[in-house]
Amino acid sequence: MVDRPFGSLGRCGDGSWSKSSFSPQNFLRVAYHDPGNGCTAKTLVVRPCETTEEVCRLCARKFKVQSPAEHGLFLVVDDNWSLLPPDSRPQQLKAGLQGGREASDYYHFVYKAAGPGSTRGLAKAKLVRDNAIDLGGELGPEEQHQA
């Protein structure tokens, strides 16, 4: 076994070079919205060169999704949901969002069903704690008074 130093280079699937998966910048937090069981999140190792298509395959495996072809990776920025195209690079998007973001702004990556109307009712999704996101769309009693 060969030990690689922290942050060493490794080759991506497309032949380009990227920092090793041991670099802290290579972690991506992804929430999974399961209509039957609610929301959970995992921190995944994702290199900057990996595409959304590759991240979706990883999410399907990690979250044990039965129908991965029906799911996609969404980027949620300030309550605006965007389904990411298969050839986009989530780590590069994350890097762009981290530079110059205001403290009140937030973003999340969410793996969920990507069918028609898949973001309907999610405009009320809110940050609840520790970068967790409530995807239920239902307002609690205290939020109902504020709405």
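Let's start with a cysteine: Cys 39 is partly exposed, with a relative accessible area of 37%. Cys 59, in contrast, is buried, and its relative accessible area is 0%. Keep in mind as you look around that this is a predicted model, so confidence will come up again below.

What is the distance from the sulfur of Cys 59 to the closest cysteine sulfur? That neighbour belongs to Cys 56, and the separation is 6.1 Å, too far for a bond. A disulfide would need the two sulfur atoms within 2.5 Å. By this rule, the count of disulfides comes to 0.

Now let's move to the strands, with β7 as our guide. Strand β7 covers residues 107-113, and 5 of its 7 residues are buried, so the rest of the structure largely encloses it. Which strands pair with it? One partner is strand β5, residues 71-77, which runs antiparallel to β7 and is joined to it by 7 bridges. To find this pairing on your screen, look for Phe 74, which stands opposite Val 110 in β7. Another partner is strand β3, residues 27-34, which runs parallel to β7, with 3 bridges between the two. Here Tyr 32 is a handy marker, since its bridge partner in β7 is Tyr 111.

From β5, step on into the loop that leads to β6 (80-83), and you will meet Asp 78. This residue is partly exposed, at a relative accessible area of 29%. How far is Asp 78 from Tyr 106 in sequence and in space? The two are 28 residues apart along the chain, yet their C-alpha atoms are 5.8 Å apart.

Finally, a friendly look at how far to trust each region. The chain averages a pLDDT of 73, and 58% of the residues score at least 70. Where is confidence highest, and where is it lowest? Helix α1, residues 52-62, holds the highest mean, at 97, while helix α3, residues 141-146, holds the lowest, at 39. Over residues 1-9 the pLDDT is below 50, and this stretch has 15 contacts in the model beyond near neighbours in sequence. Residues 120-133 also stay under 50 in pLDDT, and for them the model has 28 contacts beyond four places in sequence.

Key
Residues are numbered from 1 along each chain as its sequence is written. This is a predicted model: local features need pLDDT of at least 70, side-chain atom pairs count only at pLDDT 80 or more; totals for chains, interfaces and linings use all residues. Side-chain values use heavy atoms; hydrogens and water are left out. pLDDT is the predictor's confidence in each residue, from 0 to 100. Helices (H or I, at least four residues) and strands (E, at least two) are DSSP runs, numbered from the N terminus. Contact means heavy atoms within 4.5 Å. Buried means under 20% relative accessible area, exposed over 50%, partly exposed in between (1.4 Å probe, protein chains only). Two strands pair if DSSP finds at least two bridges between them.
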